[in-house]
Amino acid sequence: MTETYKDTYFRVFSLNSNRPLAEELAEEIGVSLGEAEITRFEDGEIRINIEESIRGSDIYLVQSTNHPSNEYLMELLIMTDALRRASAKTINAVIPYYGYARQDRKERPRESITAKLVANMLATAGVDRVVTLDLHSPQIQGFFDIPVDHLSATALLANHLLNHQLADHQTVVVSPDHAGVSRVREMATLLDAPIAIIDKRSSEFDEKADLRVIGDVKGKTCVLFDDLIDTGDTMVQACRTLKKAGATDVYACATHPVLSGNAMEKLEQSGLKKVIITNTIDLSHKKSNRMIEQISVAGLLGDALKRIHEHKSVKPLFDKAYVGTLEKTEQEKKASDL
Ligand code: R5P
């Protein structure tokens, strides 16, 4: 645990989606989680009671909106309303995984833009700021008219790959589709490695599609990099395409382990060597899987929350050398004053 965080008006609460991460985050900061009782009426309606005074406090409320997304989103909205009515000074929604983000534009006529709808709902409920990680598309920040601190786990993942000798500057970082190229470029810059792209033209999964690779992967180790893994189909198909193109070892790396249905089994049978993800979504209820390596974003979020609370820039958290806590290197100490 780092030094205890002294400001008594700084309070961290957790809802139900990712209590292990919230506990780790509170420990990083040196505070205990606030007390709130979350119960259900017989018909399933959510009822929340905050069990301590939070009058005048800056609240950091941790909740990912993964499956069951509707439940977890409603918990977040209802808790925000309760906090506002209990006279919180500010309500900062810490949403490690921002669900409903894939519908960020109308892909077909007469569709909803849920990423915007959820942004509106949060602001209406009373959220003053959102702290989140690796949004499906960075433009979603603009769907909010309140501040959004959009953090990234890319440096943490890159450092993990380097420190565990899973990647070096000869590794090819691969985007599983055209939409993810900028994300992959950022990872490749951190690894000082080249990129390649799977030429996937449709967002619909087609098991039989024969995809091409743009870039040279023959005889190379490849790291597939994406924002999330849901059914696993994208990674499985991309791995098969890379192997067909002559890649040797293929790793899958992503920030958000959505991992719906039998995704874990599919990944296990795919020929991927390892899957490296973070803990923005709680996997503790899933069967452990030896090919999954999960790294924690608690240090990154802890540093971010302290800096936000002290009105300091969060820019050092995007530094290439950032390894999960700012207390580690001299270089970061200097950068922290920027
Ligand atoms: C797509 O735009 C996303 O970045 C992911 O590639 C996709 O959502 C992954 O989904 P799945 O694992 O179901 O293929």
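In this predicted model, 5 strands form an open sheet. Their order is β1-β4-β5-β6-β7, and the pairing is parallel. Strands β1 (10–14) and β7 stand at the edges. Each has a single partner strand, so one side of each is left without a neighbour in the sheet. From one strand to the next, the twist averages 20 degrees. In general, the strands of a sheet pair through backbone hydrogen bonds, in either a parallel or an antiparallel sense.

Within this sheet, strand β5 spans residues 90–95 and strand β6 spans residues 129–133. The two pair in the parallel sense over 4 bridges. Val-94 stands opposite Val-131 in β6.

The edge strand β7 covers residues 148–151 and includes Asp-149. The relative accessibility of Asp-149 is 14%, under the 20% cut-off, so this residue counts as buried. Its surroundings draw on separate parts of the sequence. Leaving aside neighbours within four places in sequence, Asp-149 is in contact with Arg-129, Val-130, Val-131 and Thr-132. Ile-308 and Val-314 complete this set of contacts.

Two of these residues give further detail on the position of Asp-149. Val-130 is 19 residues apart from Asp-149 in sequence, yet the C-alpha to C-alpha separation is 6.2 Å. Arg-129 is engaged through its side chain, which makes a polar contact with the side chain of Asp-149 at 2.6 Å. Asp-149 is thus a buried residue of strand β7 with a side-chain polar contact to Arg-129.

Conventions:
Residues are numbered from 1 along each chain as its sequence is written. This is a predicted model: local features need pLDDT of at least 70, side-chain atom pairs count only at pLDDT 80 or more; totals for chains, interfaces and linings use all residues. Side-chain values use heavy atoms; hydrogens and water are left out. Buried means under 20% relative accessible area, exposed over 50%, partly exposed in between (1.4 Å probe, protein chains only). Contact means heavy atoms within 4.5 Å. A polar contact is a pair of N or O atoms within 3.5 Å; within protein, one must be able to donate a hydrogen and the other to accept it, and residues adjacent in sequence count only if both atoms are side-chain atoms. Two strands pair if DSSP finds at least two bridges between them. Axes are lines fitted to C-alpha atoms, for helices over the stretch in contact, and angles run from 0 to 180 degrees between N-to-C directions.
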